[in-house]
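User: I would like a close look at a single part of this protein. Please keep the answer brisk and connected.

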Amino acid sequence: MSGNSKIEWTEQTWNPTVGCTKVSPGCKNCYAESMALRLQAMGLKGYENGFRLSLRPERLLEPLGRRKPTIYFVNSMSDLFHEKVPFDYVARVFDIMREAEQHTFQVLTKRAERMAAFCAGREIPPNIWLGVSVENKRHGLPRIDALRNVNATIRFLSIEPLLEDLGHMDLTGIHWVIVGGESGSRARPMRAEWVDNVRRQCLNANVAFFFKQWGAWGADGQRRSKKANGRSLGGQVWDAMPA
């Protein structure tokens, strides 16, 4: 089902698929997996299979029933471009997003090559923003190159959890970058200089920069609650969105 979101960079979530499998280190402590298993234990409809990939066609029409313009994060509990989601089903999701033109849809994936293959030769409506997750150099940076080949009005990066210094990033054709640290009991630390490196490159390239959170480890390298660590970077909250 659709629902209000606590994620700082969106308003609602919409999950026409549920479940996923791990593909890279950023997946290690997946929040969606833990939540899906918890919802399964609670007997919540839609999570009967836990975190096993499941299509939820009964949810496809949900955005059409909402008139108020809303920013939707598509598949907060899955990856729309997972190998087990057929392209004809992905096309149905895109058809709904195209029809619900009053809304903005943020589609984020770690399967960048599959997203690029689906989008090849297709016209992507401007209300569909396409993005990739980037957590490190080895797995994350190549996804940016694949995203750059997608003909979308807004291309974005979710650099969360940021696991190492990413060095130089080619931000050509990228419109928005989100950065965040990991939360939860097994969270891995994120160092302030790694974040500042990304922030500095975004400012130099005129790319909108959004700092989501420090997570479980603060700017001073100390572990405390996510709330206590806050969202400030260099004494400032960075909430830029793409124009």
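How many bridges join strand β5 to β6, and do the two run parallel or antiparallel?

Analyst: This is a predicted model. Strand β5, residues 71-74, is joined to β6 by 4 bridges, and the two strands run parallel.

Start with the pairing itself. Ile71 stands opposite Thr104 in β6. Further along, Val74 has Val107 as its bridge partner in β6.

Now take β6 on its own. The strand covers residues 104-109, and 6 of its 6 residues are buried, so β6 is largely enclosed by the rest of the structure. Buried here means under 20% relative accessible area. The side chains of β6 split into two sets. Thr104, Gln106 and Leu108 point one way. Phe105, Val107 and Thr109 point the other way. Both sets are buried. Thr104, the residue opposite Ile71, and Val107, the partner of Val74, therefore belong to a strand with 6 of 6 residues buried.

Strand β5 follows a similar plan. Ile71 and Phe73 point one way from β5, while Tyr72 and Val74 point the other way. All four of these are buried.

β5 has another partner as well. Strand β2, residues 12-14, is joined to β5 by 3 bridges, and these two strands also run parallel. In that pairing, Gln12 has Tyr72 of β5 as its bridge partner. So β5 pairs with β2 through 3 bridges and with β6 through 4.

For contrast, look at Asp165. This residue sits in the loop between β8 (155-159) and β9 (176-180). Asp165 is partly exposed, with a relative accessible area of 35%. Leaving aside residues up to four places away in sequence, Asp165 touches Lys137, Trp194 and Asn197. Asp165 and Ser34 are 131 residues apart in sequence, and their C-alpha atoms are 27 Å apart in space.

Now the wider setting. The protein chain has 6 helices and 12 strands. Its radius of gyration is 17 Å, close to the 18 Å that the globule rule gives for 243 residues, so the chain is as compact as a globular protein of that length. Buried residues make up 55% of the 243. Among contacts with a separation of 6 or more, 69% come from residues 24 or more positions apart. The accessible surface comes to about 11,500 Å², with 51% belonging to carbon and sulfur atoms.

Conventions: Residues numbered from 1 in each chain as written. Predicted model: local features only at pLDDT ≥ 70, side-chain atom pairs only at ≥ 80, totals over all residues. Heavy atoms only, no water. Rg over C-alpha atoms; globule rule 2.2 N^0.38 Å. Buried < 20%, exposed > 50% of the residue type's maximum accessible area, 1.4 Å probe, protein only. Contact = heavy atoms within 4.5 Å. Areas by Shrake-Rupley, 256 points an atom, 1.4 Å probe, with all protein chains shown as cover.
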